[in-house]
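Good morning, colleagues. Please look at the sequence and the structure on the screen; I shall speak about pockets first and then about salt bridges.

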Amino acid sequence: MQQIFINLPVSDLAKSMAFYTALGFTNNPQFSDEAGKCMVWGENIFVMLLSHDKFNSFTTKPIADTKSGLSALFSLSMDSVEAMHEAVQKGL
């Protein structure tokens, strides 16, 4: 089975987890600890929310400053336009 794991550095794990939960993700505690949270979008798609220290343990490159630059674009499929509007409002 093929799976996608998107690893994101975050400065506040609790706040980031609440944001992704509001969008409809669920937490998989099996792959979560105090330095990272595994958020599940579907059977094969996961977002790993990682503290900066944990993220830096996987790379030697600096973490991008997303306040002044763009590091990536992400798209999520939804069942309807209404579901998309609801997710956007929850995310805001």
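A residue counts as lining a pocket when it has an atom within 4 Å of a point of that pocket, and strands are DSSP runs of at least two residues, numbered from the N terminus. I should add that this is a predicted model.

With that in place, strand β1 gives the most to the lining of the largest pocket, namely 5 residues. Both β1, residues 4-10, and α1, residues 13-22, supply at least two residues of that lining. The pocket holds about 700 Å³ of space. Its lining comprises 23 residues, and the closest to the centre are Leu8, Pro9, Val10, Ser11 and Thr66. By class, the lining divides into 12 nonpolar, 7 polar and 4 charged residues.

The second largest pocket has a volume of about 450 Å³. Nearest its centre, among 19 lining residues, lie Tyr20, Leu23, Phe74, Ser75 and Leu76. Two or more residues each come from β1, α1, β4 and α3. Here the lining has 17 nonpolar residues, 2 polar and no charged.

I turn now to the salt bridges, of which there are 2. In one, lysine 54 pairs with aspartate 33, with the closest N and O atoms 3.2 Å apart. Lysine 54 lies in helix α2 and aspartate 33 in the loop between β2 and β3, so the pair ties together parts that are 21 residues apart in sequence.

Glutamate 86 and lysine 90 form a salt bridge as well, at 3.1 Å from N to O. Both of these residues lie in helix α3, 4 residues apart, or about one turn of the helix. Glutamate 86 is partly exposed, at 45% relative accessible area, and lysine 90 is partly exposed at 47%.

Methods
Residues are numbered from 1 along each chain as its sequence is written. This is a predicted model: local features need pLDDT of at least 70, side-chain atom pairs count only at pLDDT 80 or more; totals for chains, interfaces and linings use all residues. Side-chain values use heavy atoms; hydrogens and water are left out. On a 1 Å grid over the protein atoms alone, a cavity is a set of points where a 1.4 Å probe fits but cannot get out, and a pocket is an open set with protein on both sides within 12 Å along at least five of seven lines; lining residues have an atom within 4 Å of a point. Grid points are joined across faces, edges and corners, and a volume is the space filled by probe spheres set on the points. Ala, Val, Leu, Ile, Met, Phe, Trp, Tyr, Cys and Pro count as nonpolar, Asp, Glu, Lys and Arg as charged, and the others, Gly among them, as polar. A salt bridge is a side-chain nitrogen of Lys or Arg within 4 Å of a carboxyl oxygen of Asp or Glu. Buried means under 20% relative accessible area, exposed over 50%, partly exposed in between (1.4 Å probe, protein chains only).
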